[in-house]
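Biologist: Could you take me through one part of this model up close? I'd like to hear what it packs against, and then a bit about the aromatic rings.

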Amino acid sequence: MKLSEKITYRALNIVCGTLSLLPLRVLYIISDALAFTARYIVRYRVRIVMSNLSSSFPEKSEKELKSIARKFYRFLCDYFVETIKLYFMSSGYIRKHLTVEGIELIDNSMKNGRNCSVMLGHYCNWEWISSLPVFLAGYGVPVQVYHPLRNAGSDKFFDKLRTRFHAENVPQRDIFKVLMKYKRKGIPTVVGYIADQVPSLNIHLFVDFLNHDTPVFTGPERISRILDADVFYGHMSRPKRGYYHLKLIPITETIQDDPIFDPTKEYFRLLEQNIIEAPQYWLWSHRRWKRTREKFNQMFGDKAQEQLSHL
């Protein structure tokens with residue numbers, strides 16, 4: 001690492017390590033102040049948030065949309081301090097604040113030598129899902145896919161944070177190679193994919209998602225087919241501040257027999273339902289729909305339909 005990146009790494013450890021010692025109730029006071037600042041003073045991506053909300057929920061009034069936006073900013077800052085809290089969070093603490101339903105389904109699959117894929121969204125506190133190894137019986141290797149950060153110091157810090165509970169953090173570019181290594185050794189894996197990110201236009205599928213014609217990643221389905229993995233959706237909810245519930249919902253146990261794209265379509269259907277239940281917990285501040293089918297058609301021309309016909 002460069003000197004500046006080493007300084008970043010040390011600073012993050014000192015600041016976040018100190019803050020993580022504070023009780024959540026104190027961190028939430030900080031969060032409330034940050035949320036007010038972000039929403040009303042800095043006005044962090046307010047136009048993007050309101051545009052995304054209004055186009056996703058055209059049936060809602062302006063008052064309802066502003067209410068969702070206000071709750072979103074409060075949650076976004078809660079997510080920030082809750083992620084910091086991971087720094088010194090014990091297994092017992094995470095078990096108290098995160099409950100998991102259906103974990104026995106994954107345990108049974110892995111006990112029988114089956115690989116598993118868990119498809120998640122940027123919904124509720126997805127960082128806390130890195131604690132999934134705490135809930136597993138230990139029949140295989142828990143793996144999570146991530147995008148390395150440009151700053152090596154920040155990247156090293158977040159890698160440290162996300163592997164505290166012994167999940168293997170694998171860069172997206174290396175995930176296939178790593179999973180095939182375990183497959184050749186006969187070691188089952190359970191892989192977490194946050195699959196609602198904005199892809200490039202070199203994609204193979206559009207879905208109707210939140211009232212938008214949405215280009216989507218199909219990589220998790222492609223890898224799941226190669227591994228013959230059982231696929232689950234990670235449905236998250238937030239019963240109250242500081243507490244989450246993860247419900248593992250089977251998408252398919254026979255992926256080799258499923259028509260192409262069906263698992264991906266079902267994932268986005270379940271994610272949409274999850275978001276509609278409590279919209280404030282999705283990441284509305286990113287420009288999810290900046291790439292359109294019109295741009296896709298311009299890019300591929302006469303080969304557009306061929307591009308959409310295969311994984």
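Modeller: Let's start with helix H8, keeping in mind that this is a predicted model. The buried residues of H8 pack against three strands, S3 (141-146), S4 (168-171) and S5 (189-194), and also against helix H9 (219-227). Which residues are those? H8 covers residues 175-185, and its buried ones are Ile175, Val178, Leu179, Met180 and Tyr182. Once H8 is done, along comes Gly186, with a positive phi near 75 degrees.

Now for the rings. The count of aromatic pairs comes to 19. Take Tyr87 and Phe88: their ring centres are 4.8 Å apart and their planes sit at 85 degrees, and planes over 60 degrees apart count as edge-to-face, so that's what this pair is. Are these two buried or exposed? Tyr87 has a relative accessibility of 11%, and the cut-off for buried is under 20%, so Tyr87 counts as buried. Phe88, on the other hand, has a relative accessible area of 48%, so it's partly exposed.

Ring pairs also build a cluster, linking Phe57, Phe209, Tyr233, Tyr267, Phe268, Trp282, Trp284 and Trp289.

Some rings have a charge sitting over them, too. Lys85 lies over the face of Tyr93, 5.4 Å from the ring centre. Over at Phe206, it's the charged end of Arg293 that sits above the ring, 4.3 Å from its centre.

Definitions and conventions: Residues are numbered from 1 along each chain as its sequence is written. This is a predicted model: local features need pLDDT of at least 70, side-chain atom pairs count only at pLDDT 80 or more; totals for chains, interfaces and linings use all residues. Side-chain values use heavy atoms; hydrogens and water are left out. Buried means under 20% relative accessible area, exposed over 50%, partly exposed in between (1.4 Å probe, protein chains only). Helices (H or I, at least four residues) and strands (E, at least two) are DSSP runs, numbered from the N terminus. Contact means heavy atoms within 4.5 Å. Rings of Phe, Tyr and Trp (its six-membered ring) pair if their centres lie within 6.5 Å; planes under 30 degrees apart count as stacked, over 60 as edge-to-face and the rest as tilted. A charge sits over a ring if NZ of Lys or CZ of Arg is within 6 Å of the ring centre and within 35 degrees of the ring normal.
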